[in-house]
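Please give me a guided tour of this structure. I have it open in my viewer, so tell me what to select next and what I will find there.

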Amino acid sequence: MLSHHSFFKWLIGYEIQRKRNLLRAPEGPLKDFLSVPFPSVNSLFKEADILAVDFETTGLDAVQDKLLSVGFVELSQQHIKLNTCYHQIINTKQKLKADNVIIHQITDQQQKQGLPLEVVVEDLLKALAGKVMLVHYARIEREFLQQACLELYGLAPSFPMIDTLVIAKRRLDKKDVAYDPSELKLGALRENHQLPQYFAHNALNDAIATAELLLAQTSNYPVKTALKEFLL
Amino acid sequence: MDTELAEISTFVQAIPPFDQLPSLLLGKVIKAFSICYVNKDQTLPPQYCVNRPLFMIRKGALTYRDNTGELLGKYGEGDLCTVFCQENLASDIKVITEEDTLLYSIDYHELERLVADYPAVINFFSHSAEERLNDKMSQVNEDAIIASSLLNTGINQFYHTPVATIAHNRSIQDAAIKMTEHKFSCLVIVDDGDKNASKATKAVGIVTDKDLRQRCIAKGLDFANPVSEIMTSNMLTINHDSSAYDALMLMTAKRIHHLPVMRNNQLHAMVTITDLMNNESQNAVNLTHIIRKAKSVDELAETSLLLPKLQIRMAKLGTTADHVGKSISAITMAFTIRLIELAEKQLGQAPVPYAWLAAGSQARQEQFAHSDQDNALIISDKMTPEDDKWFEQLATFVSDGLAKCGFIYCPGNIMATNNQWRQPQKKWHEYFRKWVETPSPKALLNSSVFFDLTTVYGDASLLEEVRARLLKKTKGNTLFLAHLSKNALALRPPLGFFRDFVLIKNGENKNVLDLKHNGIAPIVDLARIYALSEGVAATNTIERLRQVAGTPSLTKASAANLIDAYEFLGLLRMAHQAKKLQAHEQPDNYLAPKNISKLEREHLKDAFKVIKTLQDSRQSAY
């Protein structure tokens, strides 16, 4: 299913990298996060503890642009647990661009009342400890989270991740027919799986929507499927 | 802060009983939800699910089957699955996903704990179909009592105070001027008496527009004469704490239009018939009064136009279907009686005693506006063949008259104009003997309408004798009752609803719910069977159920359940027909599921279940 290249690179890598980083990490949230082992790559996917995460940002560049809000929810043993849902706006201490506000609908006013980046990242790392991170289009969340860690703790660890976009892309690629990249958008994929419409561009809504999509995408997989089948 | 779950909240709060929760608590309940996804053709509950899950379908469909694989129901978006909340249910029902399904689930014990302060929410899940229906109907009946117009309304809701008065020694002209200036149609005449005494003014009489016309102008009386000369002295009054109904009855009986209201023996206010009539203009009592006075068929036809208005109004007041059925039936009866009286005037005395009978819904006192006419004539055995001409003319006159009044001719030709149903008493004995002793389902299907008969006019003993002999024969007559049951059980309530369709037994979908044939008629049929098998003479369905309650045919609890179901279905039909009538459309019994609220669907499903349970037990009895 997966190309064996990335399979080797990441599967062996995650735990080794975690242990290495643990030695270098300063006392605090990152160290706490790194001290919990990641789920074994050979464990059952259906029993895995997953955290569906979504970020709203001011742009696509993790260095220049800012993290605006974070939403996440736990997906454990195939059930999305709404009692774990989390949504927080971050005070970026800078004015928002109007065209951006239209997309994520976070106003300057709301933003000023948000929490500092370090508090929100700490919350996220706490929830993420020992879990696999689930996102739609991994680049944004990975780069922004690594950048935030770099700024806050001087270290950018790697995170074991599942990407619903990659799962969908792989499936389309296998069919060997041309497709429009817009078919890979979260909303389009959900529609494809007959999931209900949802209000996009709220970080928590998107996280829940992504988790539901993963459940739909993987519902046909045998019970014995290992976690590594889906890891990036 | 919780606006992020707004989408899920919006979805959940539209679903009874969650619609009863305040938003803060609803937020807490939603936080206790899990979301899971189950592929097509899987059995619920899914792996890793909580112990006692309550499911809510967000997308997809579920099918319920019993152990033999028979379809019990189908559920779609927004439906709840409570099968696994209670242990005893889960073993009998298999729940299978019919499509890929996205489910919300909550641990039932957790839900119970969260909504502990809202017993209605928990009752919704823990009560049986019968209990839920009962909850609903006791609430409806309370509302109906509160709403039932004049009887429960004090006249203080209608009267005007203070009363326009004039001193008894003022002139007639002064009175007329005062009435014109103030636009009063009447004045109360007062005697100030001895100015030095502390006694308050005393009402000594009343003067109306009509008095000015009849007692003064028409008689050429001098306008300068004191007004007391034309007043009605010993005037009727009513106490201030009487009901509006009492006032209406008094004014109708005494043919007066103004009624002074007294309080502590002092003139307090005035109530006029117009005030009451405006409120009760389409009142059943009032309508029968008009009918009784009608002098021609055309006049009756004109009055009949008020009937749909009356039905709309009663529906709006929250009157029970039972009450509406009785009122409309009483009015139909009044029309029929008046038509017979008019016919007798034209045709002369009847040659021999007879009785005009109503059959079907009118006989059961369950008629609604725009029903068809079902009638028959039972004539004394003394009749000669030549006498039939008179009865034929009577039947034609009345039947045509009823048709003019909006009661269409019976499509099955069950009318006194049909020679078959215009027969001497001995022939009727013979009919019933044949139906009971050598029954066939087909014969009974056509004649079942005659097992609900009532005398509208004439010699009631004619029918009573026939009925008495019939009931003696039917009581405990298993063969006859088996045939009757076979017909009755042919009409089955649907299983429930699936999305915007009505789900039928074999899994078929229908666009509309036929309230009459899939709900009301099966109960009417059951009640008839119980009544005939227990020898009960009543024809009204609720009355029959009440009388057979506690007999071997029907337990008290089952009777109460059927009555609840019957009244709920009647209520829906009434509301539906009121809407149709108001839109000037032909009232029918077809409800589109998309127009049935979620809560009504739940109650309907409960009603169907009650009917099905009793039909099943009837079936197994033979």
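Start by selecting Asp54(A) and then look across to β2(A): the bridge partner you find there is Gly71(A). This is a predicted model. Now widen the selection to residues 49-57 and 67-76 of chain A, which are strands β1 and β2. These two strands pair in the antiparallel sense, over nine bridges.

Next, pick helix α6 of chain A, residues 138-153. Helix α6(A) packs on the sheet, where it touches β1, β2, β4 (132-135) and β5 of chain A. Its direction makes about 85° with that of β1(A).

Time to show the whole sheet. It is open, with mixed pairing, and nine strands form it in this order: β5(A)-β4(A)-β1(A)-β2(A)-β3(A)-β1(B)-β7(B)-β2(B)-β5(B). Which strands stand at the edges? They are β5 (161-163) of chain A and β5 (80-81) of chain B; each has a single partner strand, so one side of each is left without a neighbour in the sheet.

Now zoom in on the place where β3(A) meets β1(B): two bridges join these strands, which run antiparallel. Select Ile80(A) and you will see Ile35(B) of β1(B) opposite.

Add helix α9 of chain A, residues 203-218. Helix α9(A) lies across strands of both chains, including β3 (79-89) of chain A and β7 (101-107) of chain B, and runs at about 35° to β2(A).

Finally, colour the contacts between the chains: 18 residues of chain B are in contact with 23 residues of chain A. On the chain B side, β1(B) gives the largest share, four residues. By class, that side has nine nonpolar, three polar and six charged residues.

Key: Residues are numbered from 1 along each chain as its sequence is written. Chains are lettered from A and ligands numbered from 1 in the order in which they are written. This is a predicted model: local features need pLDDT of at least 70, side-chain atom pairs count only at pLDDT 80 or more; totals for chains, interfaces and linings use all residues. Two strands pair if DSSP finds at least two bridges between them. Two residues are in contact if their C-beta atoms, placed from the backbone, lie within 7 Å. Axes are lines fitted to C-alpha atoms, for helices over the stretch in contact, and angles run from 0 to 180 degrees between N-to-C directions. Ala, Val, Leu, Ile, Met, Phe, Trp, Tyr, Cys and Pro count as nonpolar, Asp, Glu, Lys and Arg as charged, and the others, Gly among them, as polar.
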